[in-house]
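I opened the model to look at how two of its chains meet, and then at one helix. My notes follow in the order of looking.

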Amino acid sequence: MGISLLINYSGETAKNLSWQTMLAGAVVLAALVVVDKVIKNKNYHMAIFLAVAGLVLIVTAILLAIIIVNMSNILDSGVVL
Amino acid sequence: MSGYYFLIFLAVAGLIASFDPLILSIFLSLAFGLRGQDLSNNKQRLVIWAYIATYSLAIAAISALIVSALNAAPLRLTVVLAIITAVAANLWGLVHIYNYFWYRSFGKTPKVLHYHLHKRTNRINSIEDIGTLAAITIGASIYNMLIIISSFSVLMFLISSRVLYWPLALGLVFSLPLFLINSQLARGIHLSTFVKWKENSKQIFELNLGLLSIFLGWLIFLSLNGVFR
């Protein structure tokens, strides 16, 4: 649904989707760091690291997809403020 | 994003990035190496201040060079370079987080620099030696420097490319921990205190660098999508 919204409305929707995705990613990342600090158990390090890596790769892939779909809009309006 | 907010962001994020265990190690080695030489206290201080200034200016120059190159590049190339930098920053963040969990030598000093580093920290006779040591310091943390400084520079370009003093501000923020440590050393605090502090905190520094690197990568994506307009 997000991608079809982007194709139809581009600019503003891309902005909203990207900051919401990043915010969600940052919250989950912070939660994982807190979990690691609370557990303090080396046995869970691999699980937590894999969760962090998965989260970072998923959020990066979503942000990259938004940019690719929104590329024509970015090139039309320029990238610099 | 207004210049005021960006300055606050640059100060906080730059300060987190500046606590790189490698850079701190080299700086403490330099301070240790100088004590073993037959130099007066004033000359020792002068050498360290010159080293910090050179290091700071070198970072500012690298950042200014990247921002200028992005300004001169065609739009399509700029977007591609920004995307590559963002993806590299995210992957680099994961390397730091790996180092946080299992302190390993991923992305550490290239071996060829170890020899020169050791040689230079024990023999500082001229301004040229200080310049070389500052260059080796940046080289020793080359992966970190390239990815973190590139990410900051891309953000500077995307958010506020016309302000040319951002690279200078970045250089100053990056040298702030060295400045503070040197001030404390001058006040008589023993070098071993800082060595112990650095050893105890290096995993936290790795975590901070990892999270910061991931955050910088995501911010570049957001800037490209026009979130800060």
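These entries cover the interface first and the helix second.

Entry 1, the model. I note at the start that this is a predicted model.

Entry 2, extent of the interface. I looked up the contacts between chain B and chain A and found 34 residues of chain B touching 34 residues of chain A. The area buried between chain B and chain A comes to about 3,200 Å², and carbon and sulfur atoms give 76% of that area. I then asked which three residues supply the most of what chain B buries against chain A. They are Trp218(B), Asn225(B) and Arg229(B), with 24%.

Entry 3, polar links. I searched across the interface of chain B and chain A for salt bridges and got 0. The search for polar contacts there gave 5 residue pairs, both residues at pLDDT 80 or more.

Entry 4, the side of chain B that touches chain A. Helix 4 (75–101), helix 7 (142–160) and helix 9 (191–224) of chain B each give two or more residues to this side. Helix 4 of chain B gives the most, with 12 residues. I sorted the residues of this side of chain B by type and got 26 nonpolar, 5 polar and 3 charged.

Entry 5, helix 8 of chain B. Helix 8 runs over residues 166–186, 21 residues in length. I took its span from first C-alpha to last as 30 Å, close to the expected 30 Å. Where does helix 8 of chain B kink? The kink, of about 40°, is at Leu176(B), shortly before the proline Pro177(B). Just after helix 8 of chain B, I noted a positive phi of about 105° at Gly188(B).

Key. Residues numbered from 1 in each chain as written. Chains lettered and ligands numbered in written order. Predicted model: local features only at pLDDT ≥ 70, side-chain atom pairs only at ≥ 80, totals over all residues. Heavy atoms only, no water. Contact = heavy atoms within 4.5 Å. Buried area = accessible area lost by both parts, 1.4 Å probe. Salt bridge = Lys/Arg side-chain N within 4 Å of Asp/Glu carboxyl O. Polar contact = N/O pair within 3.5 Å; in protein donor to acceptor, adjacent residues only side chain to side chain. Nonpolar A, V, L, I, M, F, W, Y, C, P; charged D, E, K, R; others polar. Expected span 1.5 Å × (residues − 1). Bend = angle between axes of the 7 residues up to and from the residue.
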